[in-house]
Amino acid sequence: MIAGTLLASFPAPSSGGETAARPAVEGWPGWKIGDPVAVTVRNGSATIRPPLDDPSAEILVVASSLARSPASFSMRLEARTVDSAAPPDRVDDGPIRAPALAPFGGVPESRTAAEAPKAPPAERSFHMLVRDGDVASASNYLAVKGVLRAVGRRVQVYVAAEDSAGVDVALLRDLVSTFDDHILPTAARSIGLAEDVDGDGRFTIFLSSWLTRLGGGRNAVDGYVRVTDLIRSYSAPFSNHCDMMYLSTALRPGPYLRTVMAHEYTHAVVFTRKSLHRTATGLAPVEEEGWLDEALAHLSEDLHGFGRANVDYRVSAFLSRPERYQLVVDDYYAADLFRSHGNRGGTYLFLRWCADQYGPDLLPTLIGSKLRGTANLEAATGRRFAELYRRWSVALYLSGIAPAGAAAGGDFADYSSINLRAPLDEWTLAGPRYSRAVPGGAPDVWESVGTSSHYTVVQGGRSRAVEIRVDAPPDAQLQVTAVLLPRETPRLSVTAQSYLGRDGDVFLRATARAGQGKRPIRLSTLAWEPLTPAPDARRSGAPPGRLDSTGMAEAFDDGVLDGGRLRRSRPIRLSGVEAHAGPMVVKLIGVDDEGRRVAAWAELQRDAAVSGGRPERPLAGNP
């Protein structure tokens, strides 16, 4: 099971005498180290018999659900030793066409230059959806008076009248200069511009404290774009007939504010490039599916380069429990996933990988297409979604493991723009969390939602091969991919224990162990974070933390683990973490002398135990 277990605790090889010589893995037909195998699934089951002929051999099994349903599916993996290996029963993921990417030449300067824009009114009202319930009910909207506070060449800033006195000049200056000098020019070069819906020559930003208390005070957001504002045919209060974004008065000048602006402006670009020509001719608008719309907006943040503070915690949440977060979600609001950070982190990682493979023309092609969702991606890349998903799910695990310069190529290429086993802004990535299985041991059992993946590393036994069977309900649309890992791949495990000090601070002690018979590992990073970030992760909830190389050397002495050895850390203060914080995960990352990276995970659960003097009694964890 996943919850409450240590997913990277590596069992030591069993003792015993010398084993008979066995064929090298490369000698078995159909199996090659590092070569992902697309496994045939029949009636919800898949079976493979790879040549795992001793405990140093391992295979990665990625079990995915391709169902579009949000339902949860019970899945199971079992392994047992057998006398002989067998070639894998491979499945063909379908035909491959050449990518159909439309080169984007940018928007002409004449469209980005101000052409005597109209003077904006000093005041105007904006209808806002402030209450939970039916978006088609006028009673859930409120007319909020806006006061003009700043005007740029191509942007104007209104502030809700009740908030105007609390918005300082520095914030207004940052909004105007960022939009005019950075966001608009970058968008014009890379993805296109939002349509000037009201014909006033400027994009509108509306600042309001309502964004801190939407949904009766349950929801706080930093910004949003409401696409109905961009449709002229809708009447008030459902549309403000204005190209605009809403921003929270809680935002402050700096990189994060600029990232939020870039994200929200992309939503306006995506909708108007897809839809306005249709609404102008009386056709229904085409709105991109929610998951791909958010992915495009997050990738646009990378184009602007202000920072990744709007996606770092989301990516980390997804990697902590990849089988929990559905990738393909048409409407986040209807699915009640509006504040599910892990879903958004998964969409970013998926489209980030696609863009790394297909280049800078992918985003403007997707934005300019009149197709939606997976059909949009398939038309642009020339690959079926099932194949794209398989290649991506494997890349999530393999990226960042190999030494520098030894990354995979071809169909299963790694990420080129992000290191999945390294810090990402304030949060630390350790690849996707995985479980381990041994022949004859307890089966690996888990729950997966649609379009999600679970990762299991199966260790060899003392026989010539291991039979691995994966089972899922037929409705899950099981997809299985297997990759024989190099025998020199390092192994690392971690257990973690938290304690309460005399002053009430929370401390952590971690125990690390290197796999027996493997190369020495230098521990590089120890990180801790909430298993599920708070809804407003930047302002509430337990903060993430980590030790850098200096801290690791102090906590683990020299930080080097020989094969089969273990080392216990000194007490590590978890700054900002309260004694009764929710579930947290601990990640340990190391690298061997060949540059191969490895990560291990442990999960901390809440406990009521308290110590008196020095840290000695557990608060939580896996003893």
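1. What percentage of the 623 residues in the protein chain is buried? Buried residues make up 56% of the chain. Note that this is a predicted model.

2. Start with the inventory. The protein chain holds 10 helices and 27 strands. About 24,300 Å² of the chain is exposed. Carbon and sulfur atoms supply 50% of that area.

3. Next, contacts along the chain. Take the contacts with a separation of 6 or more. Residues 24 or more positions apart account for 75% of them.

4. One sheet is worth tracing by eye. It is open and has 4 strands, in the order 2-16-4-14. The pairing is antiparallel. Strand 2 (45-48) and strand 14 (444-449) are the edge strands, and each pairs on one side only. On average, neighbouring strands of this sheet are turned by 20° against each other, direction ignored.

5. Look at how strand 2 is held in that sheet. Strand 2 and strand 16 (residues 465-471) run antiparallel and are joined by 4 bridges. Thr47 has Arg469 of strand 16 as its bridge partner.

6. Now turn to strand 20 (residues 521-530). Of its 10 residues, 8 are buried, so the strand is mostly covered.

7. Which strands pair with strand 20? Strand 25 (residues 584-592) is one of them, antiparallel over 9 bridges. Here Leu523 stands opposite Gly590. Strand 21 (residues 545-547) pairs with strand 20 over 3 bridges, also in the antiparallel sense. Ala527 stands opposite Arg546 in strand 21. Strand 22 (residues 560-561) runs antiparallel to strand 20 and is joined to it by 2 bridges. Ile521 faces Leu561 there, standing opposite it.

Definitions and conventions
Residues numbered from 1 in each chain as written. Predicted model: local features only at pLDDT ≥ 70, side-chain atom pairs only at ≥ 80, totals over all residues. Heavy atoms only, no water. Buried < 20%, exposed > 50% of the residue type's maximum accessible area, 1.4 Å probe, protein only. Contact = heavy atoms within 4.5 Å. Areas by Shrake-Rupley, 256 points an atom, 1.4 Å probe, with all protein chains shown as cover. Pairing = 2+ DSSP bridges. Axes fitted to C-alpha atoms, helices over the stretch in contact; angles between N-to-C directions.
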